[in-house]
2 protein chains.
Amino acid sequence: MTDIAARIDAANAETVRRIMSAEPVLIDVVAAREALPHLADRTILHAGPPIGWDRMCGPMRGAVMGIAVFEGWAADLAEAEAMAARGAFKFEPNHHHDCVGPMTGMTTGGQMLLVVENRSFGNRAYCAINEGLGKVMRFGGNDGEVLDRIRWLTSSLGPALGKALREMGGIPLKPLIARGLGMGDEMHQRNLACSSLLLRLLAPALARTAADTNELAKNLAFIAANDQFFLNVAMAMGKAMSDPARGIAGSSVVTAMCRNGTDFGIRVSGTGDQWFTAPVEMPVGMYFPGFTEADANPDMGDSAIVETIGLGGFAMGAAPAVVGFIGAGNASEAAVFTRAMSEICIAENSEWTIPAMDYCGVPTGIDIRLVVETGLMPTINTGIAHKKPGVGQVGAGIVRAPRGCFEAALGAFADKMGVG
Amino acid sequence: MTDIAARIDAANAETVRRIMSAEPVLIDVVAAREALPHLADRTILHAGPPIGWDRMCGPMRGAVMGIAVFEGWAADLAEAEAMAARGAFKFEPNHHHDCVGPMTGMTTGGQMLLVVENRSFGNRAYCAINEGLGKVMRFGGNDGEVLDRIRWLTSSLGPALGKALREMGGIPLKPLIARGLGMGDEMHQRNLACSSLLLRLLAPALARTAADTNELAKNLAFIAANDQFFLNVAMAMGKAMSDPARGIAGSSVVTAMCRNGTDFGIRVSGTGDQWFTAPVEMPVGMYFPGFTEADANPDMGDSAIVETIGLGGFAMGAAPAVVGFIGAGNASEAAVFTRAMSEICIAENSEWTIPAMDYCGVPTGIDIRLVVETGLMPTINTGIAHKKPGVGQVGAGIVRAPRGCFEAALGAFADKMGVG
C-alpha cells in the first residue's frame with residue numbers, strides 16, 4: 001500500500017510538473033479545416049463529454065442548427081434540425097480533437113480558430129474566437145445576426161489576428177496570466193485585465209499588418225468592446241497546458257473537466273482518455289435583471305479547463321470583484337475559495353501568484369483522492385445560459401463539479417492500480 | 001468654539017462635495033501655447049511650490065536646461081545654464097497656470113498638453129504627455145534623445161491623440177478610475193490597468209482618424225510600451241477635480257500637495273492660494289539594481305495631486321502588488337495604508353471603491369486638523385529620481401508629506417478663523 005502511494009505521488013508530481021512547465025504561446029488564428037484536416041465532412045465538435053442529438057439541451061441544439069446553416073449544410077434552421085434528428089451530422093467532443101469551446105462550444109471546418117502552442121511539449125490546442133456578449137452562438141443563438149457575426153469573424157477579424165500574431169512571433173501567455181492575476185482577473189468570469197492587455201499587445205501589430213484603417217478600426221473596436229474576449233484564449237491555453245499531462249500511469253490528477261449541458265465529464269491522467277460523467281448541476285449565482293433560475297440551463301461548456309489548471313474558481317483570491325458578480329458572498333472573502341481549492345490540489349503554481357494572498361501560487365493539480373476524501377468539489381466560476389436557444393447569457397454563478405464523476409473515476413483508478 | 005467647528009464642518013463638506021461631484025473628461029491634446037496664451041515668453045512652469053534657479057535641485061536644473069534648448073531659447077545646454085543663472089527665464093509653478101507635471105514637471109509653450117475638463121464646473125487642467133521610462137526630462141534628462149522624443153510627442157503622438165479624443169467626444173475618467181481600482185491600480189506608482197484601459201478606448205479612434213498605418217503603429221506601440229502612460233492623465237484629472245474646491249472660506253481641507261525637489265508645498269481651501277512649505281523628505285523604498293539612497297534626489301513632482309483626491313498612497317488597499325514595488329511591506333497588508341489615511345480624511349468616495357475592502361470608498365478630503373492631531377502624515381507613493389540630471393528613475397518608495405506644512409497651514413487657518 002505504501003509502495004502504491006509512493007508510485008501515485010511520483011506520477012502526480014510528474015503530472016503537475018508537465019502542467020506547470022508548459023510554455024503556452026498564442027501563435028496564430030487559422031482556418032479550422034487547415035488545423036484539423038482529418039475532420040470528416042459534416043462533423044460538429046461540441047463542448048463537454050460525448051453526447052448525441054437526442055440528449056442535447058436546448059441551447060446546444062440551437063447552436064447545432066445555427067452552425068449547420070453557417071456551414072451551408074442546411075438551407076435553414078428547420079432543415080438543420082431535421083438533418084440532426086436523422087443523424088446527418090457527426091457529433092464529437094472538442095476535447096477529442098485538440099479543441100475546446102465555451103458553453104455550446106461549436107467547432108466546425110468553416111470557422112477560424114485561435115492557436116495556442118505549448119512550446120515545452122510541441123502540442124497545439126484550438127478554440128474559436130469569442131463572439132462578444134448578448135445573442136451569440138455559444139449561448140445557443142442561431143439567427144441571421146449571429147451567423148453574420150461568425151462570417152465576419154471568419155472573413156475579417158480572424159485573418160487579421162492571424163497576420164498580426166505571425167508578424168509579432170506570437171504572444172507568450174504565461175506572463176500575461178501572471179499580470180492578469182495581479183489585476184483582478186481569474187480568467188473565467190473575469191477577463192477584463194487580460195482582454196485589455198491582449199489588445200494592448202496586439203494593437204501595434206494589427207496596425208503594422210493592416211490593409212486599410214477602416215477594417216482595422218472595426219477589428220480593434222470589436223475586441224475593445226468585449227471584457228471576455230480573452231476567455232477563449234485562456235481556454236485554448238488550458239487545453240494546450242493540460243494535454244501533455246494526460247496518460248501518466250499511476251497519476252490521480254484531473255486533466256480535463258467539461259460539460260455539455262447534460263453531463264459533466266472529467267478525465268484523470270492515470271486512466272487515460274476515459275470520461276467519467278455525472279449529470280451536470282445548476283449553477284448558483286446572480287441573474288441579470290428579468291431572469292431567474294427558472295430560465296437557466298444547467299452547467300455547460302469546456303471552459304472549466306481553466307479551473308483544471310488552477311484559474312477561474314481556483315484563483316478567486318486574485319479577483320475580489322468577481323465574487324459579487326457571481327453572487328458568492330463578500331469580496332473580501334475571495335481568498336477563502338482559493339484556500340479551499342488548495343485542499344484538493346497537490347501543488348501551487350509559483351509562476352502564477354496572487355499578490356493579495358502574499359504571492360501564494362494558484363492551486364494546481366486536482367487529486368481525485370483528495371476531492372472524494374474531503375468532499376470539497378472543484379469550484380467553477382461560470383456563465384449561465386438561458387435554457388431556450390438564442391436568448392443568451394442570463395447570469396453568472398458558481399457550480400460545483402458533481403461528486404459522481406470523482407467517485408466513478410476513483411473506482412476506475414483503484415481498479416487500474418490493482419487496489420479496487 | 002462650537003459655532004466655529006460647525007462652520008468648518010459645513011465648509012469642509014462643501015469642499016469634498018466639489019471634489020467628489022467633479023466629472024473629469026479627457027477631451028483633447030492641444031499645443032500649450034494655445035491652452036495658455038497668457039504665458040509670457042521664456043516662461044518655464046515647474047513642479048511644486050515657487051522656486052528660483054538658485055534653490056533648484058540637480059534634476060530640475062537639468063530639465064530646465066533641456067527644455068530651453070527644446071524651445072530654441074538656447075543653442076545648447078551650456079548656454080541654457082548661463083541664461084538660467086542670469087535670470088533669462090521666468091519660473092512659475094504649474095499650479096499657478098491650471099497645470100501639473102510629474103517629477104521636474106516642465107511645461108512650456110512649445111509642448112503638447114493633455115486636456116482634462118471638469119464638466120461639473122467647467123474648468124480645465126493640463127499636463128504634458130508621459131515620455132515613457134528611462135532617460136526622460138521629468139527625471140532631469142536633457143540630451144538629444146530626450147529632446148527628440150519630446151519633439152516626436154509634439155509632432156506625432158500629441159496631434160494624433162488630440163484628433164482621436166475629439167472624434168470620440170472625450171473619455172470620461174471617473175468610470176475608468178473606478179475600473180482601475182478593481183484592477184490593482186492606485187494611479188500613482190501603478191497605472192498598469194488604466195494605461196491598458198485607456199489604450200483600449202483610444203485604439204479604435206486612433207485607427208479611425210489615422211492618416212497612415214505606419215505612424216498609427218508607432219503611436220500605438222509608444223503608448224503600449226509604458227505601464228505609467230496614464231499617470232499624466234490621472235494628474236491632470238486630479239488638478240481638474242481639486243481646483244473648484246479652492247478658496248472655500250472656513251475649510252480646512254487640502255486642495256493641493258506638490259514638491260519641487262527642494263520644498264514640499266500644500267494649499268488649503270480656506271486659506272486660498274497661499275503655499276505652506278517645508279523641506280521635502282527623502283522617500284523610503286526600493287532601489288533599482290545598482291542604485292542606493294546615496295544616488296537619490298529628495299521628493300519631487302506635482303504627482304501628489306492624486307493623493308489629494310484619494311488615490312495613490314490613499315488607495316493602496318486597491319493595489320496589493322504596488323506595496324512590494326515601493327518596499328512598503330507585505331502585499332496582504334495594503335489595506336492598512338488606506339485605513340490610516342481614512343483617519344485624516346473627512347469622507348470616502350462612494351464612486352471610487354476598493355473591492356478587496358468590500359467596496360469601501362477611497363479616503364477623500366485631507367483635513368489639516370486631523371493630520372496635526374493624529375500625527376499621521378499623508379502617504380505618497382512616489383518614483384525616486386537620481387540626484388544628477390539625466391540618469392532617470394532609480395527606485396520607488398513612500399514619502400510622507402512633511403509635518404511642517406500642516407502646522408504652518410493650521411496656524412494660518414486658525415488666524416483666519418480668528419482663533420489663532
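This report walks through the symmetry, a helix pair and a sheet in a predicted model.

## Ground rules

Local features need pLDDT of at least 70 and side-chain atom pairs pLDDT 80 or more, while totals for chains, interfaces and linings use all residues. Residues are numbered from 1 along each chain as written, chains are lettered from A in the order written, and side-chain values use heavy atoms, with hydrogens and water left out.

## Two copies

Turn chain A by 180 degrees, with 0.0 Å of shift along the axis, and it superposes on chain B with an RMSD of 0.0 Å (least squares on C-alpha atoms of residues with pLDDT of at least 70 in both copies). The copies are thus related as by a two-fold rotation axis. In chain A, the residue closest to that axis is Met183(A), its C-alpha at 2.1 Å.

## A helix pair in chain A

Helices here are DSSP runs (H or I) of at least four residues, and strands are E runs of at least two, numbered from the N terminus. H5(A), residues 144-168, packs on H7(A), residues 192-208, at about 100 degrees with the axes 8 Å apart. That makes H5(A) and H7(A) roughly perpendicular (65 to 115 degrees). Where they meet, H5(A) brings residues including Leu161(A) and Met168(A), and H7(A) brings residues including Leu202(A) and Arg208(A).

## A sheet in chain B

Over in chain B, 4 strands make an open antiparallel sheet, ordered E9-E8-E7-E11 (pairing takes at least two DSSP bridges). Strands E9 and E11 sit at the edges, each pairing on one side only. E7 (254-260) and E8 (263-268) of chain B share 5 bridges, and Arg259(B) stands opposite Phe264(B).

Key: Axes fitted to C-alpha atoms, helices over the stretch in contact; angles between N-to-C directions. Parallel < 35°, antiparallel > 145°, perpendicular 65-115°, else oblique. Contact = heavy atoms within 4.5 Å.
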